[in-house]
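Reader: I would like to go through this entry and ask what stands behind each label. Please set the values against the cut-offs.

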Amino acid sequence: MTAIQQTSPSQNRNAPDLRAASRGLYIDGAWRPSASGRMIKVTDPSTEAVLALVPDATIEDAAAAVEAAGKAAEGWRNTAPRKRSEILRRCFELMVERSEMLAQLISLENGKALRDARGEVAYAAEFFRWNAEEAVRITGEFGMAPAGTNRIIVDYQPIGICFLITPWNFPAAMATRKIAPALAAGCTVILKPASETPLTAYALAALYAEAGVPPGVVNVLTTTSPGPLTAAILADSRVRKLSFTGSTGVGRALLAEASKHVISCSMELGGNAPFLVFDDADLDVALDGAMVAKMRNAGEACTAANRIYVQSGIYDAFVEGLSRRMAALRVGTGVEEATECGPMITRKAVDKIDRLVKDATARGARLICGGAAPAGQGFFYPPTVLADVPAEAEMAHEEIFGPVAPLSRFETESEVIARANDTEYGLAAYIFTRDLARGMRVASRIEAGMIALNRGLVSDPAAPFGGVKQSGLGREGGQHHGIAEFMEAKYIAANF
Ligand code: NAP
């Protein structure tokens, strides 16, 4: 470990200001230290250097954040939708203006390749543009009761204070995917970003203020005690929403905590995406798709292809083509322009990938390329391809969350559908075939919230993102879906 790293703005015009991104907890429009005075180290996964220190919030700090969100709630819900929309639009514009600086910050604290970080900023900013447009289109319902006795009026109202918890793998997008619709709906929020990647969340908090988001509407705090803090926040009766993105295990614990107070929950949880390639697929399209579905974010994505099933007739060609592409990827530090595969988030993540690869090879999988973590600084793992991965391998049931592509052969459509569905997860799935009827038939039978047909990417702010089974509850983004998670229906039975 070395001293805190600082990049001089004179060397790099877009260098993020790490001091500005670690000024304190962001509560009620002001930066403040934590009540404990304790700090959390933020580490660069490429070098293991300490980038910055951020405060470690206590329950007292959390109470202050709820107080601030409560104080701002009335004013924000009564702000005209057009005005809220214009502020959200300004957030979008500022994110676009600062996109290079934000991409470098994401790359530094998360390790992802700059090209992935740039993609993330564009995706993250889009939630503000999309929700700026949605904020002025929230409508209700009006009709006659079937008995003819009265009118039925349904109004949609902001749900109340929202507690948002986000993971480290998309430090900007997982936050804006929640904050933008919550603000569009008229809610105030408290965000707890992941301890590994808090700097992006704090940098964005400053940007929201500049865009005109009033004090207290967005509050951000970091902590090493997420469990007790969450329990304290959810116990405050003004908090009516918990929106979580993270692992299924933590999601289950949070659902149990929220049930004590019957709080509305949206859960974006883990995945185990199957990637199906039929004999009649266009080989190059399928390989391009596999590279995106597997290697975006170096495999650290909930939608990442986790099990690649290829039909017998195309299997050998696919193994050869994918290994060639994977082996050619340039591994390097996140912020290097040429890097295509950055480091993993932590040493623990590398160890987990290593364990899964060893388990698969011990069970008979063939290692085609990669397969061993290099010595030296940084949490690197090479792009790896495994062929003939058996169904009982641990990686067929657990998220790999790394640059490892496990391939298995299949014979028939019904066999591969059964294998694809043999998991507790149901987030994303990928299908490659030139037969559209088959594509649609298989898509309707796969148990997943999102299907990519002849594409390697599903995420789109204009489409509902979310999973079935133990991959989650609710949807983010999409027409109405994302905002609806932050509103309650109020029905009025009216006689005039
Ligand atoms: P994680 O360990 O579940 O952590 C996610 C967030 O929850 C972090 O902010 C973490 O804080 C916090 N947390 C941990 N324990 C908590 C507790 N007891 N109470 C309240 N908060 C708690 O997940 P991760 O490793 O950061 O992220 C990877 C996971 O997220 C993968 O499973 C991935 O599939 C999933 N994911 C899902 C989606 C989706 O849209 N479905 C998107 C992205 C990622 P600390 O950082 O302080 O521990």
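Reader: What makes W168 a polar contact of the ligand?

Author: An oxygen atom of the ligand lies 3.0 Å from an N or O atom in the side chain of W168. A polar contact is a pair of N or O atoms within 3.5 Å (inside protein, one atom must be able to donate a hydrogen and the other to accept it, and residues adjacent in sequence count only if both atoms are side-chain atoms). The W168 pair, at 3.0 Å, therefore qualifies. The model is a predicted one, in which local features need pLDDT of at least 70, side-chain atom pairs count only at pLDDT 80 or more, and totals for chains, interfaces and linings use all residues. Residues are numbered from 1 along each chain as its sequence is written, and side-chain values use heavy atoms, with hydrogens and water left out.

Reader: Which atoms of K192 and G246 are paired with the ligand?

Author: For K192, a polar side-chain atom lies 3.0 Å from an oxygen atom of the ligand. For G246, a polar backbone atom is 3.4 Å from a ligand oxygen. The protein buries 84% of the 910 Å² that the ligand exposes when taken alone (Shrake-Rupley areas with a 1.4 Å probe; for residues, only the protein chains shown count as cover).

Reader: Which residues come nearest to the ligand?

Author: T166, R177, S195, S247 and E399 do, out of 31 residues around the ligand. To be near, a residue needs one heavy atom within 4 Å of the molecule.

Reader: Why is V42 called buried?

Author: The relative accessible area of V42 is 0%. Buried means under 20%, exposed over 50%, and partly exposed in between (1.4 Å probe, protein chains only), so V42 is buried. V42 belongs to strand β3 (residues 39-43); helices (H or I, at least four residues) and strands (E, at least two) are DSSP runs, numbered from the N terminus.

Reader: What is V42 in contact with, leaving aside its neighbours within four places in sequence?

Author: The contacts of V42 outside that window are A49, V50, L51, A52, V54, E109, E196, P198 and L199, where contact means heavy atoms within 4.5 Å. With E109, the C-alpha distance is 7.0 Å, and the two residues are 67 apart in sequence.

Reader: How do you know whether T222 is buried or exposed?

Author: T222 has 1% relative accessibility and therefore counts as buried. T222 sits in the loop between β9 (218-220) and α7 (226-234). Its side chain reaches the backbone oxygen of P55 at 2.7 Å. Beyond four places in sequence, the contacts of T222 include P55, D56, P193 and Y202.

Reader: Why is S264 called partly exposed?

Author: Its relative accessible area is 26%, so S264 falls in the partly exposed range. S264 is part of strand β11 (residues 264-268). Beyond four places in sequence, S264 touches I159, R240, K241 and L242. Its C-alpha atom is 8.5 Å from that of E485, 221 residues away along the chain.

Reader: What is the phi of A298 and of D388?

Author: A298 has a phi near 55°, a positive value in a residue other than glycine. D388, also not a glycine, has a positive phi of about 55°. A298 is in the loop between α9 (283-295) and β13 (305-311), and D388 in the loop between β15 (384-387) and β16 (404-410). At 4% relative accessibility A298 counts as buried, while D388, at 31%, counts as partly exposed.

Reader: What makes a group of residues a nonpolar core?

Author: The members are buried Ala, Val, Leu, Ile, Met, Phe, Trp, Tyr and Cys residues joined through side-chain atoms within 4.5 Å. In the largest core, of 148 residues, I179, L242, F275, F318, L322 and M395 touch the most other members. Helix α4 (residues 114-135) gives the most to this core, with 10 residues. At least three residues come from each of domain 1 (9-269 + 471-494) and domain 2 (273-460).

Reader: Where do those domain bounds come from, and how many residues of domain 1 are in contact with domain 2?

Author: The bounds come from an automatic or database domain assignment. In contact are 27 residues of domain 1 and 33 residues of domain 2. The C-alpha centres of the two domains lie 30 Å apart.
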